[in-house]
Amino acid sequence: MLSNLCKYHRHFSQAFLPFAGRQVGLCSSTHVQKAKYSSAIKERKRFYEDVTISQSECGRYEINLDRRKLKTPGGKLFTVPNEALAIAVATEWDAQMDTLKFYTMHLTTLCNTALDNPTQRSKDQIISAALKYIDTDTICYRVDEPPGLVELQKNEWDPVMDWIEKRYNVVIGSSSSIMGPKIPEETKETFRQHLNSYNFWSLTGFEYVITQLKSVVLSFGLIDRHLTVEQAVLLSRLEEEYQIQRWGNVEWAHDYDMYEMRSRTAAGALFVHLSSESSTVKKKLLQD
């Protein structure tokens, strides 16, 4: 599963390198932090030849660009908790061509967010922000018409809903009302306890996946390895895909959006798993 996520992320990120389109910055609580993160997303010429990793005395791993130690937009030394994540980040930097396109480097961005924590949030605040999506979860909102889309949502979303309700022994449900279903507080508490079992870094990735898919249910399915990246993204875009099948799509734009979303979602899921990894898996990752 991890090797597949690595391949997805590497493939999709490299596919974006010719595009200079969307750039995504990081929100910040101060103007200074905003300026730092804004400058971090600008393109610049590649200024290094070799990318290596090293382990510090405290056991954390650093990324070296030639002889320079990588730092975060906030000025902190860029360190990650394990070798597996360090290799994944180093791969992002090594994959860059003549021009560095930071908006394709999702794992680096997630590490910067975890290290700098620009909005100064605690674990509880991240969990609360992530769980807000359960009230507007993509697969909880159903349509009354057209019949084809009604049937498609039932056939594709109901099995995932059945899975998560059984997996976590909760009740979620769905509704075609504009108000959506009423999610029981017991369900939210169960999800809160589950998310609380993750460390701060993993939660950063988990929230990132949820914001991409606009769905707690699909994100749990992906992180729990019940869904693949392609499945999770397709299910989150079900109505859009249905409309495209009926009316067609804008040339190239649909494919770009699809691959971009897959890349971000794969990176988030990979970040969750790698930031939870405590063992050294360098040989395995390089073989894959």
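Where does Pro146 lie? Pro146 sits in the loop between helix 5 and helix 6, and a cis peptide bond joins this proline to Glu145. Welcome to a short tour of a predicted model with 13 helices and six strands. Of its 288 residues, 49% are buried. The points below go from the overall fold to helix pairs and then to single residues.

**Overall picture**

- The protein contains 13 helices alongside six strands.
- Buried residues account for 49% of the 288 residues in the protein.
- If you take the contacts between residues at least 6 apart in sequence, 69% of them join residues at least 24 apart.

**The nonpolar core**

- The largest nonpolar core is made of 71 residues.
- Inside this core, the residues with the most contacts are Ile63, Trp93, Ile164, Ile172, Phe191 and Trp201.
- Helix 12, which covers residues 253-275, gives the most to this core, with nine residues.
- Trp201 is worth a click in your viewer: leaving aside its neighbours within four places in sequence, its contacts include Arg60, Thr79, Val80, Pro81 and Leu85.
- Also on the contact list of Trp201 are Cys111, Ala114, Leu115, Phe271 and Ser275.

**Helix 5 with helix 8**

- Two packed helices are described by the angle between their axes and the distance between the axes.
- For helix 5 (residues 123-131) and helix 8 (residues 200-213), the angle is about 15° and the axes are 10 Å apart.
- Angles under 35 degrees count as roughly parallel, so helix 5 and helix 8 are roughly parallel to each other.
- The crossing of helix 5 and helix 8 is left-handed.
- On the helix 5 side, the contact is made by Lys123, Ile126, Ile127, Ala129 and Ala130, while helix 8 brings Phe200, Leu203, Thr204, Glu207 and Ile210.
- Sorted by class, the contact of helix 5 with helix 8 holds seven nonpolar, one polar and two charged residues.

**Helix 3 with helix 4**

- Helix 3 (residues 83-95) and helix 4 (residues 106-116) have axes that come within 8 Å and cross at roughly 125°.
- Helix 3 and helix 4 are therefore oblique to each other.
- From helix 3, Leu85, Ala88, Val89, Glu92 and Trp93 meet His106, Leu107, Thr108 and Cys111 of helix 4.
- The residues of the contact of helix 3 with helix 4 divide into six nonpolar, two polar and one charged.
- Some names recur here: Trp93 of this contact is also among the core residues with the most contacts, and both Leu85 and Cys111 are in contact with Trp201.

**Backbone details to check**

- Most residues other than glycine have a negative phi, and most peptide bonds are trans.
- The bond joining Glu145 and Pro146 is cis, with omega about 0°.
- Asn117 has a phi near 45°, a positive value in a residue other than glycine.
- Asn117 belongs to the loop between helix 4 and helix 5, and it counts as buried because its relative accessibility is 16%.
- Asn169 also has a positive phi, of about 55°, although it is not a glycine.
- Asn169 is placed in the loop between helix 6 and helix 7, and at 71% relative accessibility it counts as exposed.

**Residues at or towards the surface**

- Lys69 is part of strand 4 (residues 68-69), and with a relative accessibility of 45% it counts as partly exposed.
- Not counting residues up to four places away in sequence, Lys69 touches Ser54, Glu62, Ile63, Asn64 and Leu77.
- Between the C-alpha atoms of Lys69 and Ser54, 15 residues apart along the chain, the separation is 9.6 Å.
- Lys182 lies in the loop between helix 6 (147-168) and helix 7 (185-196), and at 73% relative accessibility it counts as exposed.
- The C-alpha atoms of Lys182 and Asp135 are separated by 7.6 Å, with their places 47 residues apart along the chain given as the sequence separation.
- Gln193 is in helix 7, and its 53% relative accessibility makes it count as exposed.
- Gln193 and Ile127 are 66 residues apart in sequence, yet their C-alpha atoms are 9.4 Å apart in space.
- Ile127 appears again in the contact that helix 5 makes with helix 8.

Terms used. Residues are numbered from 1 along each chain as its sequence is written. This is a predicted model: local features need pLDDT of at least 70, side-chain atom pairs count only at pLDDT 80 or more; totals for chains, interfaces and linings use all residues. Side-chain values use heavy atoms; hydrogens and water are left out. Axes are lines fitted to C-alpha atoms, for helices over the stretch in contact, and angles run from 0 to 180 degrees between N-to-C directions. Helices (H or I, at least four residues) and strands (E, at least two) are DSSP runs, numbered from the N terminus. Angles under 35 degrees count as roughly parallel, over 145 as roughly antiparallel, 65 to 115 as roughly perpendicular and the rest as oblique. A crossing is left-handed if the near helix is turned anticlockwise from the far one by less than a right angle, and right-handed if clockwise. Contact means heavy atoms within 4.5 Å. Ala, Val, Leu, Ile, Met, Phe, Trp, Tyr, Cys and Pro count as nonpolar, Asp, Glu, Lys and Arg as charged, and the others, Gly among them, as polar. A nonpolar core is a set of buried Ala, Val, Leu, Ile, Met, Phe, Trp, Tyr and Cys residues joined through side-chain atoms within 4.5 Å. Buried means under 20% relative accessible area, exposed over 50%, partly exposed in between (1.4 Å probe, protein chains only).
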